[in-house]
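Okay, thanks for having me, everyone. Let me put the thing up on the screen, and then I'll walk you through the inside of it.

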Amino acid sequence: MTLTLQQKKTVLASFLGWMLDAFDFFLLTFLLKDIAKEFGTEVPSVAYALFLTLAMRFVGAFIFGRIGDRWGRKPALMLDIVCYSVIGALAAFSPNLMVFLILRTLFGIAMGGEWGLGSSLAMESIPPQARGLVSGILQCGYPAGFLLASIAYGLLYGRTIGDYTIGWRAMFLLSILPAFIVLFIRSHVPESPAFLEAQKGPKPGLWDTLNANWNLVIYSVVLMMCFNFFSHGTQDLYPTFLIKQHGFDPGTVSWISIVGNLGAIVGGLTFGALSERIGRVNAITIASLIALPAIPLWAYSVTPVMLAVGAFVMQIAVQGAWGVIPAHLNELSPGPVRATLPAFIYQAGNLLAAINGPLQAKVAEAPGNSYGFALALVAGIVAVAIIVVIRFSPERRGEVLSAAH
């Protein structure tokens, strides 16, 4: 299925918004140890920034989703990108851990709005036959953002320019860069056709829609809790695992992370497209199964090369399953609340999984344990949980996304 030039620009804008959102988030995962050192605390204390960011994405999904359903996907997306860019950069000026945690909490609110707005704008603007591939492309924005953060960390962190050494504060200043894509969205991206159609008639309220679909909402929140444990449980503390458990330098940590995220992009594109042929549920099931044999290689290898191979395979599985989610959640959601409901479900699940960062760090640093053990424990349990839970999901592949449906 060939997309028009306008449709391609819409997909590109949605992809860039999610990619740069993830870039801002994942910068922190490379810097936990050094932030803890400067503020005189331990990694689990700083890891609460991950918890607060993820927990508050639920709030952002609701706020920005309601703006998107009321005033349009496009203006809401532009506002959201400016907010997460500015707040992300302000973390560079944190005088202490408390201020840093507050700023990351606010960043979480802004971060939570982007996925629902970008995915609804894209999914409502393309033909149904293109939805699987575009779903994979959109979700690949997340590992692509992680990839960019990995590259930036490897190239910039610890480098000396004159008398100045680039530290964690300078890295956070990079968060301002996503704001510039707002200019592209304003000039080149049209509003969602489904949103424009919805303005012609009455729209049911969010709470009425939730009440009418409460069983689907509860099921989907549980599913997205599992999915968020899957992604954050295999990604957020992996750089810390490489730094603390293996003692690798920034360059080695960077290239291992890059290889893992290349696997994520391969997985997202492959399983997103495959879901158009075999169905969303089957594609997610197969991707999740791949994670299980990857665990020993990914969490218990000792050489950089074998860890990179393990990370590549693991992230094929994780982001392969995730690559189906933008299409699947938008297909399950009623049209009048499509900017709010998929993101509401996604981030509600994210809220329930937000404790992963500090919990995983505490398990890893408990006597007799390791970061490898904590990573393997979460990945194994959650992969099995997704395989079981997804089999109960409705399948609505190929349905037209209109203002009413």
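**Helix α17 and what surrounds it**

Let's begin with α17: its buried residues pack against α5 (97–123), α6 (131–139), α12, α15 (280–300), α16 and α18 (341–353). Quick ground rules: helices here are DSSP runs of H or I, at least four residues long, numbered from the N terminus, with strands being E runs of at least two. Buried means under 20% relative accessible area, exposed means over 50%, and partly exposed is what sits in between, with a 1.4 Å probe and protein chains only. Contact means heavy atoms within 4.5 Å.

Before I go on, this is a predicted model, so local features need a pLDDT of at least 70 and side-chain atom pairs count only at pLDDT 80 or more, while totals for chains, interfaces and linings use all residues. Residues are numbered from 1 along each chain as its sequence is written, and side-chain values use heavy atoms, with hydrogens and water left out.

Back to α17, residues 325–332: eight of its eight residues are buried. That list includes Pro326, His328, Asn330 and Glu331.

Two of those turn up again from the other side. Serine 119, in helix α5, is in contact with Leu138, Pro326 and Asn330 once you leave aside neighbours within four places in sequence. Serine 119 has a relative accessible area of 3%, so it counts as buried. For scale, its C-alpha atom is 28 Å from that of isoleucine 381, which is 262 residues away along the chain.

Next door in sequence is glycine 118, also placed in helix α5, and buried at 2%. Which residues does glycine 118 touch, not counting those up to four places away in sequence? Ser14 and Leu77. Its C-alpha atom is 8.3 Å from that of valine 11, and those two are 107 residues apart along the chain.

Serine 14 belongs to helix α1 and is buried too, at 2% relative accessibility. Leaving aside neighbours within four places, serine 14 is in contact with Glu114, Gly118, Leu121, Ala122 and Leu138.

**The core**

On to the greasy part. In soluble globular proteins, nonpolar side chains tend to be buried together. I'm calling a nonpolar core a set of buried Ala, Val, Leu, Ile, Met, Phe, Trp, Tyr and Cys residues joined through side-chain atoms within 4.5 Å. The largest one here has 128 residues, and those with the most contacts inside it are Leu31, Ile35, Phe100, Phe172, Phe227 and Tyr238. Helix α1, residues 5–38, gives the largest share of this core, 18 residues.

Take isoleucine 35 from that list: with residues up to four places away not counted, isoleucine 35 touches Leu28, Val46, Phe100, Trp168 and Phe172. Leucine 174 sits in the loop between α8 (168–173) and α9 (181–188), and its contacts beyond four places in sequence are Phe23, Leu27, Ala152 and Leu156.

**Helix α4 and the cysteines**

The expected span of a helix is 1.5 Å times one less than its number of residues. For the 18 residues of α4 (73–90) that should be 26 Å, and the end C-alpha atoms are 26 Å apart, which agrees. Among the buried residues of α4 are Arg73, Lys74 and Asp80, alongside Leu77 and Ile81.

As for cysteines, cysteine 83 is partly exposed at 26%, whereas cysteine 140 is buried at 4%. Counting a disulfide as a pair of cysteine sulfur atoms within 2.5 Å, we get zero disulfides.

**Cavities**

Last stop. A cavity is a set of points on a 1 Å grid over the protein atoms alone where a 1.4 Å probe fits but cannot get out, and lining residues have an atom within 4 Å of a point. Points are joined across faces, edges and corners, and volume is the space filled by probe spheres set on them.

How many cavities of 30 Å³ or more does a search of the whole structure find? Three. The largest holds about 110 Å³. Its lining includes Phe146, Tyr238, Ser257, Asn261, Trp298 and Gln315, and α14 supplies the largest share of that lining, four residues.

Serine 257 lies in α14 and is buried, at 5% relative accessibility. Apart from neighbours within four places, serine 257 is in contact with Phe30, Ser150 and Pro239. Okay, that's my tour.

Technical notes: 1 Å grid on protein atoms, 1.4 Å probe; cavity = no way out; pocket = protein on both sides within 12 Å on 5 of 7 lines; lining within 4 Å.
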